[in-house]
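Hi there,

I'm handing over the structure we talked about, and you'll find it just below. After it come my notes on what turned up.

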Amino acid sequence: MVDDREQKAAFDRYIVPEIEVLYRVARSITRNPTDAEDLVQDTMLRAYRAVGRFDGRYPRAWLLTIMRNAQINRVRRRRPELMRDPDATMERVAAQDSGDDGPEATVLERGYNAELEKAFESLPQKFKTVVDLVDVQGLAYQETADILGVPVGTVMSRLHRARARLRKQLEASGAYVEGRPT
Amino acid sequence: MITRRWFRRHKPEVDCREVGRVLQSYLDDNVEAGFAGKIAAHLDECKKCGLESATYTQIKDSLGDTRPDVDDDAMSRLRSFGAKLTDG
């Protein structure tokens, strides 16, 4: 059991430095800024309560796992039918189409970037989520696996296939010639 | 972390096929250091693989450039929330 002072110190050491990453990831998986903020608060609250039992190793991975569980619970509360298939919940969450507020809606420059955006939008949602978490938000493979609740190999496979599709589509659109954007 | 397949470890150089299999992991810094050095040497020498690498690098970099700025107000609210939590 830790006292309040130790709990606060652990919170400041392990959780506070990760707030921005948590918010970025939350925005990516909820695709809604308000939901993202709520999810980060929920994650911080759960992490604060559990920080006394945390061994201090890999705080980001620990926090992303907490966030994943928090998000699953939030979705279950809203959509009780997902209780029947809990393992697939995060995948379904990531696959929900909730409008165009997310990072993938960022307006890109014309030309190469416009074609890239078009290609990105045409990806299946599970590919889009992995590309967003790794290539846009800058998460590592393992961190992405932690938040999605899938093996690292699955993250790699989806990511590599997604990029290959982007590349193929860019090539078909004529947006690049021999490895260089036009 | 990707390591080189054991039956190829005795070969001093990597070939295009081997590079193609691990290129994206290499670009994500997810290949063991010794193996990465061999891939880098191959990419310097081989035009086809070098262009393949440049293509994927461009895609990765362009996607990274789309990362949206974090809303300062949201960050401020979250930090305040954290401070209130720890202050009891």
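Let me start with chain B, which has four helices and zero strands. Its pattern along the sequence reads α-α-α-α. Please keep in mind throughout that this is a predicted model. Of the 88 residues in chain B, buried ones make up 26%. If you look at contacts in chain B between residues at least 6 apart in sequence, 64% of them join residues at least 24 apart.

One residue to find in chain B is B:Cys16, which sits in helix α1 (residues 16–27) of that chain. Is B:Cys16 buried or partly exposed? A residue needs 20 or more other C-beta atoms within 10 Å to count as buried, and 12 or fewer to count as exposed. B:Cys16 has 13 within that distance, so it is partly exposed. Setting aside residues up to four places away in sequence, B:Cys16 touches B:Cys46, B:Lys48 and B:Cys49. You can also check its C-alpha atom against that of B:Ile39: the two residues are 23 apart along the chain, and the atoms are separated by 9.3 Å.

Now to chain A. This chain has nine helices and two strands, and they come in the order α-α-α-α-α-α-α-α-α-β-β. Chain A has 182 residues, and buried residues make up 38% of them. Here 66% of the contacts between residues at least 6 apart in sequence join residues at least 24 apart.

Two helix pairs in chain A deserve a look. The first to show you is α2(A) with α3(A), whose axes come within 8 Å and cross at roughly 130°. That angle makes α2(A) and α3(A) oblique to each other, and their crossing is right-handed. On the α2(A) side, the contact is made by A:Ile19, A:Leu22, A:Tyr23, A:Ala26, A:Arg27 and A:Thr30, while α3(A) brings A:Pro33, A:Asp35, A:Ala36, A:Leu39, A:Val40 and A:Thr43. Sorted by class, these are eight nonpolar, two polar and two charged residues.

A:Ala26 is a good residue to follow from there. Apart from its neighbours within four places in sequence, A:Ala26 is in contact with A:Ala36, A:Leu39, A:Val40 and A:Met67. A:Ala26 also appears in the largest nonpolar core, which has 55 residues. The residues with the most contacts inside that core are A:Val25, A:Ala26, A:Val40, A:Met67 and A:Val131. In soluble globular proteins, nonpolar side chains tend to be buried together.

The other pair is α8 (residues 141–148) and α9 (residues 152–173) of chain A, with axes that come within 8 Å and cross at roughly 105°. α8(A) and α9(A) are therefore roughly perpendicular to each other. A:Tyr141, A:Gln142, A:Thr144 and A:Ala145 of α8(A) meet A:Val152, A:Val155 and A:Met156 of α9(A). Five residues of this contact are nonpolar, two are polar and none is charged.

Finally, how do the two chains meet? On one side 38 residues of chain A are in contact with 28 residues of chain B on the other. Several elements of chain A give two or more residues to its side, among them α1 (4–15), α6 (112–121) and α7 (125–136). Which element gives the most to that side? It is α3(A), with seven residues. The chain A side divides into 21 nonpolar, seven polar and 10 charged residues.

Enjoy exploring!

Best wishes

Key
Residues numbered from 1 in each chain as written. Chains lettered and ligands numbered in written order. Predicted model: local features only at pLDDT ≥ 70, side-chain atom pairs only at ≥ 80, totals over all residues. Axes fitted to C-alpha atoms, helices over the stretch in contact; angles between N-to-C directions. Parallel < 35°, antiparallel > 145°, perpendicular 65-115°, else oblique. Contact = placed C-beta atoms within 7 Å. Nonpolar A, V, L, I, M, F, W, Y, C, P; charged D, E, K, R; others polar. Core = buried A, V, L, I, M, F, W, Y, C linked by C-beta atoms within 7 Å. Left-handed = near helix turned anticlockwise from the far one by under 90°.
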